Amino acid sequence: MIRNMRAVLLTFLLLPILTGCPGDPDTARDPEPVPAAPLADVSSAIRGAVVDSRDEGIEGVRVHLRLPIGAGMAGLDGLTTTTDALGRFAFDVEGCLDPKMDGPVELSFEKAGWVRSHHRLDSRHPGRGRKVLLILEPAGAVSGLVADGNGAPMAEALVYAIGTEVPGVREIVEVIHTTTLPDGTFRLEGLPVGKLDIGVKAEGFLTGLVQDVAVAAGETARLADLALIRGKTIAGRVVLSDGKGPVTKALVRVFRDPALKEYRLFGRRTIASGGGSVRVDDEGRFRVTGLADGTWEVSAVTLGLAPVTPGASGVEAGTEDLELVFDRAAKVLIRVRDFETGKAIPRFTIVIVNLSGPKAADGRPVLSQEASIHSPKGEYGFPAREEEMYGVEIVAEGYEQDRRTVGPLKGLRTNVLTVPLKRRD
């Protein structure tokens with residue numbers, strides 16, 4: 001997260017600027033927030049204040065509330081307001097949320113000249129009197145120009161900041177990013193003071209990186225022109241082993257380190273170490289570009305089918321005819337239950353590893369999947385091949401971790417496995 005950002009709970013009441021739910025007639029016609037009467041201390045309020053290091057309120061900070069997917073009328077668009085003269089803000093989410101909806105709430109804060117900030121409320125029930133105090137820090141900026149190997153300016157390249165505060169750890173400063181203009185120039189604003197790395201991504205090119213850029217409050221650091229290098233490609237096709245046609249709904253991933261196969265960049269799932277992910281076309285073909293020289297790991301996932309030869313380990317950059325083969329599969333249905341009561345546990349994380357599948361260079365299985373499950377029935381299903389073995393790990397809050405092996409299976413049918421979890425002492 002952005003350095004110097006602190007968040008604590010408050011215990012005071014606010015006189016906020018109030019926004020209505022998207023879709024209300026007034027707010028639909030006028031997207032700008034409008035002053036409203038004081039908001040009572042009601043359970044539907046999400047509110048707080050934005051101040052500087054001297055605890056003085058900052059007026060005019062744009063505050064955006066992003067609600068969980070399917071949370072109600074607000075949905076993905078969320079709600080937006082600005083802070084008042086004392087730095088206060090509030091959202092009345094009454095009527096915007098399904099009271100049964102469960103998920104985190106995300107708040108972003110932005111004003112020119114200040115570090116852009118992002119705060120997450122891990123509340124399962126957003127809108128129950130949550131109060132936040134955020135301290136903003138003065139910001140700096142970085143500008144520059146991005147070109148290709150021939151010196152031609154590159155438009156729409158993604159430029160983003162990477163924090164380096166923790167030794168040995170590089171963390172994406174998610175809310176600070178921009179894209180280059182048609183002439184290849186960019187200006188990245190709202191940066192925290194200190195040293196940052198600046199990353200650049202463009203389709204088909206290797207990721208660019210400028211390390212240890214010094215950022216000063218109120219100043220713009222000018223970078224030397226950045227020239228991106230075009231990368232290589234891994235391409236191929238996903239098919240069924242019985243020769244009955246292509247697999248048309250597969251997702252193919254190309255990566256190097258299985259432990260860093262994926263991360264999220266600005267809300268989008270991204271591949272670490274310069275790799276990529278694509279969905280196959282109507283003929284089952286795929287093409288991942290922008291790869292560095294050397295070998296890569298390749299995996300493919302799709303619903304209802306089990307992988308046979310998913311590319312495995314050591315695929316050379318530049319390979320154009322890789323074939324990923326799937327079999328028709330059995331289904332394993334995992335039912336997670338409380339050991340004592342037998343009731344379904346609706347929330348858990350499950351990790352499934354194909355122990356019979358290909359291995360990476362370090363000996364770890366390449367084929368794995370991890371999912372956070374929200375199921376009232378406490379169930380999760382995955383496709384599996386009859387002769388293969390699978391490692392299953394289940395974690396639920398308040399319960400002991402469960403690890404077990406599944407397989408070999410019998411027949412192309414649904415195999416039900418009930419997993420009772422014991423509560424922690």
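**Figure 1. E388 and its two side-chain partners.** A polar contact of 3.0 Å links the side chain of E388 to the side chain of N354. The side chain of E388 also makes a polar contact with the side chain of Y390, this one at 2.8 Å. Like every view here, this one comes from a predicted model. To find E388, look in the loop between β32 and β33. Is E388 buried or exposed? Its relative accessible area is just 5%, and the cut-off for buried is under 20%, so E388 counts as buried.

**Figure 2. The whole chain, before we zoom in again.** What is this chain built from? Strands, for the most part: there are 35 of them, plus one helix. The protein chain has 425 residues, and 46% of them count as buried. Take the contacts with a sequence separation of 6 or more: 65% of these are between residues 24 or more positions apart. As for the outside, the chain exposes about 21500 Å², and carbon and sulfur atoms supply 50% of that area.

**Figure 3. The largest nonpolar core.** How many residues make up the largest nonpolar core? There are 22, and the ones with the most contacts inside it are I334, F348, I350, Y380, F382, I394 and L421. Two or more residues each come from β29 (330-338), β30 (347-354), β31 (368-374), β32 (379-384), β33 (390-395) and β35 (414-421). β29 is the top contributor, giving four residues to this core. In soluble globular proteins, nonpolar side chains tend to be buried together.

**Figure 4. Y380 and the residues around it.** Which residues does Y380 touch, leaving out those up to four places away in sequence? The list runs V332, L333, I334, F348, I350, I352, Q369, A371 and I373. Y380 is also one of the residues with the most contacts inside the largest nonpolar core, and so are its neighbours I334, F348 and I350.

**Figure 5. A second core, apart from the one above.** This separate core has 21 residues. Among them are M154, V159, V213 and L223, which make handy labels for the view.

**Figure 6. The three-stranded sheet with β29 in the middle.** Three strands make up this open sheet, in the order β32-β29-β35, and their pairing is mixed. Which strands sit at the edges? β32 and β35 do, each pairing on one side only. From one strand to the next, the twist averages 25°. β29 and β35 run parallel, and eight bridges join them. For a spot to zoom in on, try R337, whose bridge partner in β35 is P420.

**Figure 7. The four-stranded antiparallel sheet.** Here the strand order is β31-β30-β33-β34, in an open sheet with antiparallel pairing. The edges belong to β31 and β34 (402-406), each of which pairs on one side only. The twist averages 20° from one strand to the next. β33 and β34 pair in the antiparallel sense over five bridges. Within that pair, G391 stands opposite T405 of β34.

**Figure 8. T83 and two backbone nitrogens.** Where does T83 sit? It is in the loop between β6 (79-82) and β7 (88-92). A polar atom of the T83 side chain lies 3.0 Å from the backbone nitrogen of G60. The backbone nitrogen of V61 lies 2.9 Å from a polar atom of that T83 side chain. The relative accessible area of T83 is 3%, so this loop residue is buried.

**Figure 9. Strand β25 and its partner β20.** Why call β25 (residues 295-301) largely enclosed by the rest of the structure? Because five of its seven residues are buried. β25 pairs with strand β20 (residues 251-255) in the antiparallel sense, over five bridges. A good place to look is V254, which stands opposite V298 in β25.

**Figure 10. R328 and D242.** R328 belongs to strand β28 (residues 322-328). With a relative accessibility of 44%, R328 counts as partly exposed. Along the sequence, R328 and D242 are 86 residues apart. In space, their C-alpha atoms are 8.7 Å apart.

Key
Residues are numbered from 1 along each chain as its sequence is written. This is a predicted model: local features need pLDDT of at least 70, side-chain atom pairs count only at pLDDT 80 or more; totals for chains, interfaces and linings use all residues. Side-chain values use heavy atoms; hydrogens and water are left out. A nonpolar core is a set of buried Ala, Val, Leu, Ile, Met, Phe, Trp, Tyr and Cys residues joined through side-chain atoms within 4.5 Å. Buried means under 20% relative accessible area, exposed over 50%, partly exposed in between (1.4 Å probe, protein chains only). Contact means heavy atoms within 4.5 Å. A polar contact is a pair of N or O atoms within 3.5 Å; within protein, one must be able to donate a hydrogen and the other to accept it, and residues adjacent in sequence count only if both atoms are side-chain atoms. Accessible areas come from the Shrake-Rupley method with a 1.4 Å probe; for residues, only the protein chains shown count as cover. Two strands pair if DSSP finds at least two bridges between them. Axes are lines fitted to C-alpha atoms, for helices over the stretch in contact, and angles run from 0 to 180 degrees between N-to-C directions.
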